[in-house]
Amino acid sequence: MSTILVADDDRDILDLVAFKLSAAGHELITATDGASALTEARRAVPDIVVLDVAMPGMSGLDVCRELRADAITTAIPVILLTARGQESDVEAGFNVGADDYIVKPFSPRELQSRVTALLSRART
């Protein structure tokens with residue numbers, strides 16, 4: 001069982017993602033804003049982080065950048081989950097250190113597959 005931090009300010013998306021990943025056997029930590037997500041990541045050091053890009057206060061891009069800059073959290077795989085699907089948005093996500101980028105609307109099954117793939121790579 002892996003621990004996954006999911007941060008999204010849209011409660012419906014947060015609940016959907018949390019339900020899908022917990023049904024797959026993962027332990028979930030949730031946050032509704034970037035600052036809380038960063039605090040939780042540093043406290044719990046999850047196996048993977050799923051971040052919405054557009055959150056109040058601190059964006060998912062800012063959180064990802066901070067995770068990469070901290071020796072404790074730098075190796076945690078990060079998936080950005082966002083409605084921003086322009087090529088420049090995807091490029092910005094990878095430039096701050098994201099491992100994957102999923103555009104909303106998304107398939108919960110695809111999200112689970114990508115989480116599984118990143119967790120497998122992180123363990124090898």
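**Figure 1. Overall view of the protein chain in the predicted model.** Of the 124 residues of the protein chain, 45% count as buried in this predicted model. The chain holds five helices and five strands, and from the N terminus on these elements follow one another in the order β-α-β-α-β-α-β-α-β-α. Its radius of gyration is 13 Å, which agrees with the value near 14 Å that a compact globule of 124 residues would have, and along the principal axes the C-alpha trace spans about 35 × 35 × 25 Å. When contacts between residues at least 6 apart in sequence are considered, 58% of them join residues that are at least 24 apart. The protein chain exposes about 6200 Å², and carbon and sulfur atoms supply 50% of this area.

**Figure 2. Close-up of Asp-52 in strand 3.** Asp-52 belongs to strand 3, which covers residues 48-52, and an unreviewed UniProt entry places the feature "modified residue: 4-aspartylphosphate" at this residue. Asp-52 counts as buried because its relative accessibility is 4%, which is under the 20% cut-off. Leaving aside neighbours within four places in sequence, Asp-52 is in contact with Ala-7, Asp-8 and Asp-9, and also with Gly-60, Leu-81, Thr-82 and Lys-104.

**Figure 3. Close-up of Ser-2 in the segment before strand 1.** Ser-2 lies in the segment that comes before strand 1, the strand formed by residues 3-7. With a relative accessibility of 3%, Ser-2 counts as buried. The side chain of Ser-2 makes a polar contact with the side chain of Arg-123, at 2.3 Å. When residues up to four places away in sequence are not counted, Ser-2 touches His-26, Glu-27, Asp-47 and Leu-119, as well as Arg-123.

**Figure 4. Close-up of Leu-61 in helix 3.** Leu-61 is placed in helix 3, which is made up of residues 60-69, and with a relative accessible area of 17% this leucine is buried. Not counting residues up to four places away in sequence, Leu-61 touches Val-53, Leu-80, Ala-92, Gly-93 and Val-96. Leu-61 and His-26 stand 35 residues apart along the chain, and their C-alpha atoms are separated by 24 Å; His-26 is also one of the residues that Ser-2 touches.

Methods. Residues are numbered from 1 along each chain as its sequence is written. This is a predicted model: local features need pLDDT of at least 70, side-chain atom pairs count only at pLDDT 80 or more; totals for chains, interfaces and linings use all residues. Side-chain values use heavy atoms; hydrogens and water are left out. UniProt positions are given in the numbering used here, feature names are shortened, and annotations may be inferred rather than shown by experiment. Helices (H or I, at least four residues) and strands (E, at least two) are DSSP runs, numbered from the N terminus. Buried means under 20% relative accessible area, exposed over 50%, partly exposed in between (1.4 Å probe, protein chains only). Contact means heavy atoms within 4.5 Å. A polar contact is a pair of N or O atoms within 3.5 Å; within protein, one must be able to donate a hydrogen and the other to accept it, and residues adjacent in sequence count only if both atoms are side-chain atoms. The radius of gyration is taken over C-alpha atoms; the globule rule is 2.2 Å times the number of residues to the power 0.38. Accessible areas come from the Shrake-Rupley method with a 1.4 Å probe; for residues, only the protein chains shown count as cover.
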